[in-house]
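Please take the following walk through a set of helices and side-chain contacts with the coordinates open beside the text.

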Amino acid sequence: MSALFQILFLIFSVKILGEASERAGFPAVMGEILAGILLGVLFLDVETEVIAFFAQLGAIFLLFTAGYKEVSLRELKPAALVAFVPTFSQIIFAFVFGFMLGELFNFSFLQSFFIAVAFSPTSIGTVLSTLIDLNYLSSKPGTIMLFSAILDDIIGISLLSILITFTRFNLVPSVSGVLTIAGKILLFLLIMYILGKYFFPRIFVYAQKMHEKEAVFSVVVMVALFSAYLAEFFDLHATIGAFIGGVLISEIPLAKIQDVQSKVEGLADGILIPLFFAFIGFSIDLQDLVNAGIFVPLVVLLALSGKLIGGFIGSKAIGFDFYESLIFGIGVMPRAGIELVVLSIGRSAGIIGLEVFSAMVFMVIISILVSPPLLKFAIQSERKNKTENGIGA
């Protein structure tokens with residue numbers, strides 16, 4: 001009964017606090033993390049195992065829907081060539097800054113590598129509403145930013161898969177170990193490709209002909225869970241498999257019927273993903289955050305500046321002017337979904353301690369708070385500059 005009540009409390013509080021967060025001009029994830037913190041404050045005996053199970057499903061569906069809804073391989077190909085340079089630049093800078101931070105505090109290679117990977121993802125959704133409100137999404141920087149975020153996710157998932165397999169060895173594996181890891185990843189991708197090319201389309205055709213209610217929706221959910229399970233079988237993480245599964249069925253028209261998509265979004269965005277964010281909030285230890293000392297501001301400074309500097313330099317390299325490059329750099333600063341998945345994996349795998357985990361989640365929150373107003377200021381400054389110089393007037 002207590003588990004039921006706590007899940008009820010979380011679903012209620014993530015919606016109320018998520019709504020309050022959005023009305024205040026911030027993404028709902030802010031309120032959802034706060035709901036998890038409240039759970040730890042208000043309940044003395046939290047049913048951690050039950051909530052952790054729902055959170056794990058939330059992480060799986062967060063990555064699955066990212067591939068299912070946001071990634072289109074056909075649309076990505078032409079834009080990827082232009083977006084690759086600024087994407088690669090901002091990831092490299094963020095990765096190097098993260099690794100340097102770990103080395104500065106004498107962390108192990110694996111811990112430093114983890115922080116570098118955790119610094120790499122971007123959450124375009126955090127600034128998406130700002131881009132739309134200011135009518136900037138359709139601009140060249142806005143478009144490149146959008147495709148860069150998608151590429152960022154794909155690269156981040158790839159880095160995460162390498163990291164997870166490294167943890168099985170608890171050190172950098174030997175040459176034979178690396179070959180084994182690469183073989184497992186390639187075999188997994190090959191199996192998923194064959195399933196996505198030949199099996200999944202046929203099963204969706206069959207499901208559409210079934211008399212059983214919501215058969216197509218059920219198949220979408222089964223693909224998510226099967227892909228997650230298969231990834232675990234090959235010593236990858238479940239969320240990585242879910243992302244790949246989502247990308248594969250995003251190319252199947254029957255799987256993308258609007259009615260089915262809305263049901264998947266209802267399950268994922270309505271319940272499971274907010275519970276995952278709430279569990280992240282519950283996992284934060286505020287005392288450890290205080291004890292981390294100077295490590296916390298350094299995490300925030302290096303994580304945000306790595307993206308800003310890397311994005312700015314990469315954008316300049318493809319011909320953006322100063323303001324466009326600044327806008328791109330700010331636009332790729334925020335973190336949210338995949339960043340939090342990476343952190344939860346690192347915490348559960350024992351790669352990082354609670355102090356590092358709490359500091360990194362705090363950085364995510366700060367990035368969510370500062371990125372939209374900075375982006376708005378940069379866009380307005382660009383327009384003011386163009387008006388003063390008679391450009392586009």
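Helix H10, which covers residues 238-249 of this predicted model, has 12 residues and reaches 17 Å from its first C-alpha to its last, close to the 16 Å expected at 1.5 Å a residue. The helix is mostly covered, since 12 of its 12 residues count as buried. Among these buried residues are Ala-238 and Ile-249, as well as Phe-243, Gly-245, Gly-246 and Leu-248.

A buried charged side chain can be examined in helix H13 (residues 295-317), where Lys-307 has its place. Lys-307 has a relative accessible area of 0% and is therefore counted as buried, the cut-off for that term being under 20%. A polar atom of the Lys-307 side chain lies 2.3 Å from the backbone oxygen of Ser-120. Once its neighbours within four places in sequence are left aside, Lys-307 is in contact with a set of residues that includes Gln-90, Ile-91 and Ala-94, the run Phe-119, Ser-120, Pro-121 and Thr-122, and also Asp-152, Gly-329 and Arg-335.

The aromatic side chains offer another route through the model, for the structure holds 20 aromatic pairs. One of them joins Phe-84 and Phe-88 in a stacked arrangement, with 5.5 Å centre to centre and 20° between the planes. Both residues lie in helix H4 (residues 73-104), where they are 4 residues apart, about one turn of the helix. An α-helix has 3.6 residues a turn, so residues three or four places apart point the same way. Phe-84 is partly exposed, with a relative accessible area of 43%, and Phe-88 is likewise partly exposed, with a value of 44%.

A further pair, formed by Phe-99 and Phe-109, is edge-to-face, with 5.7 Å centre to centre and 70° between the planes. Because Phe-99 lies in helix H4 and Phe-109 in helix H5 (residues 109-119), this pair ties together parts that are 10 residues apart in sequence. Phe-99, at 22% relative accessibility, counts as partly exposed, and Phe-109 is also placed in that class, at 39%. These two residues belong, together with Phe-95 and Phe-113, to one aromatic cluster.

A ring may also lie beneath a charge, and here the charged end of Lys-256 sits over the ring of Tyr-68, 5.0 Å from its centre.

Technical notes:
Residues numbered from 1 in each chain as written. Predicted model: local features only at pLDDT ≥ 70, side-chain atom pairs only at ≥ 80, totals over all residues. Heavy atoms only, no water. Helix = DSSP H or I, 4+ residues; strand = E, 2+ residues; numbered from the N terminus. Buried < 20%, exposed > 50% of the residue type's maximum accessible area, 1.4 Å probe, protein only. Polar contact = N/O pair within 3.5 Å; in protein donor to acceptor, adjacent residues only side chain to side chain. Contact = heavy atoms within 4.5 Å. Phe/Tyr/Trp six-rings, centres within 6.5 Å; stacked < 30°, edge-to-face > 60°. Lys NZ or Arg CZ within 6 Å of the ring centre and 35° of its normal. Expected span 1.5 Å × (residues − 1).
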